[in-house]
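These are my notes on aromatic contacts, a charge over a ring and unusual backbone angles. I looked each of them up in turn and wrote down what came back.

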Amino acid sequence: MIPTLRFGEPDRLDDLDLTVGEGWLLASWDDPRAEDVHQLLYRGRPIGWTAPLPDGPWGQAGHIAAKHRGSKAAVVLTDPASGTSTHRTVGQALDVLHRTHTEQLRPERAMPGVQRLALKRPTGWSVPSDRGLGDPDREALDDGLVHLTWPDHPGVQELQHGGQPVGWIEEYDVQRGTWTALIDSSLVADAASGEPLRCPGAEGALALLRLALDQGLGNG
């Protein structure tokens, strides 16, 4: 259940600057069916949502934390600290969602020990914007890059600069939630070992791609 698909646009957006950090918002709805349903946004972009669950095969009643995969799909998160996918309170579910997102934004956390990046193993794959996926959603980033996503194709995302593709990320393993980053159709790899890098989640792969561009790989 994606909240915006079921309840429409949120009725309220609460600023979380003081409690979570700058750029974070919490969305909620007046619809009685949406009681205890909240959506977490970062810099205006939905990250995921929480919802209450009754008792069932998944265990005791609690709250889930679901991370968006595009605008029409989501994956329920498991807290690595406790190993559980249900949480006693809304606050705990939101904390798991927030921590998961912020950890995935740090490529050095996902790839400890990797200092320099390189392009290895050319794939021959085309950039997503050349695949006929339809019109993408576009988000301007703070470094002059534009982030492209396709709601009906959540397994790929692209970065452009000046209207030209500079790299993209692609889902590698749906079950494990791992992603790869590519520039000029080659996988971003650890320069020392030559091994292509796989990141936990799209955010980690996007951070890896931006780091590779910062290190001068490709034409970005």
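I began with D36 and asked whether this residue is buried, exposed or partly exposed. With a relative accessibility of 35%, D36 counts as partly exposed, a value I read from a predicted model. I then placed D36 in the loop between β2 and β3, and noted that its phi is positive, at about 70°, although D36 is not a glycine. I wrote this down because most residues other than glycine have a negative phi.

I looked at R121 next, where phi is near 55°, again a positive value in a residue other than glycine. R121 is found in strand β7, which covers residues 117-122, whereas D36 lies in a loop. For R121 I read a relative accessible area of 48%, so I entered the residue as partly exposed, the limit for exposed being over 50%.

I then turned to the aromatic rings: how many aromatic pairs does a search of the whole structure find? The search returns two. One of them joins F7 and W29, with 5.9 Å from centre to centre and 50° between the planes, and I recorded this pair as tilted. The two residues belong to distant parts of the chain, 22 residues apart, with F7 in helix α1 (residues 3-7) and W29 in the loop between β2 (24-28) and β3 (38-42). I checked how far each partner is covered: F7 has a relative accessible area of 12% and is buried, and W29, at 5% relative accessibility, counts as buried as well.

For the pair of W24 and Y42, I found the ring centres 4.5 Å apart and the planes at 40°, so I entered this pair as tilted too. Because W24 lies in strand β2 and Y42 in strand β3, the pair ties together parts that are 18 residues apart in sequence. Is W24 buried or exposed? W24 is buried, with a relative accessible area of 4%. Y42 has a relative accessible area of 22%, and I noted Y42 as partly exposed because buried would require a value under 20%.

My last entry concerns a charge and a ring: which ring does the charged end of R198 sit over? It is the ring of Y172, and the charged end of R198 lies 4.0 Å from the centre of that ring.

Note on methods: Residues are numbered from 1 along each chain as its sequence is written. This is a predicted model: local features need pLDDT of at least 70, side-chain atom pairs count only at pLDDT 80 or more; totals for chains, interfaces and linings use all residues. Side-chain values use heavy atoms; hydrogens and water are left out. Rings of Phe, Tyr and Trp (its six-membered ring) pair if their centres lie within 6.5 Å; planes under 30 degrees apart count as stacked, over 60 as edge-to-face and the rest as tilted. Helices (H or I, at least four residues) and strands (E, at least two) are DSSP runs, numbered from the N terminus. Buried means under 20% relative accessible area, exposed over 50%, partly exposed in between (1.4 Å probe, protein chains only). A charge sits over a ring if NZ of Lys or CZ of Arg is within 6 Å of the ring centre and within 35 degrees of the ring normal.
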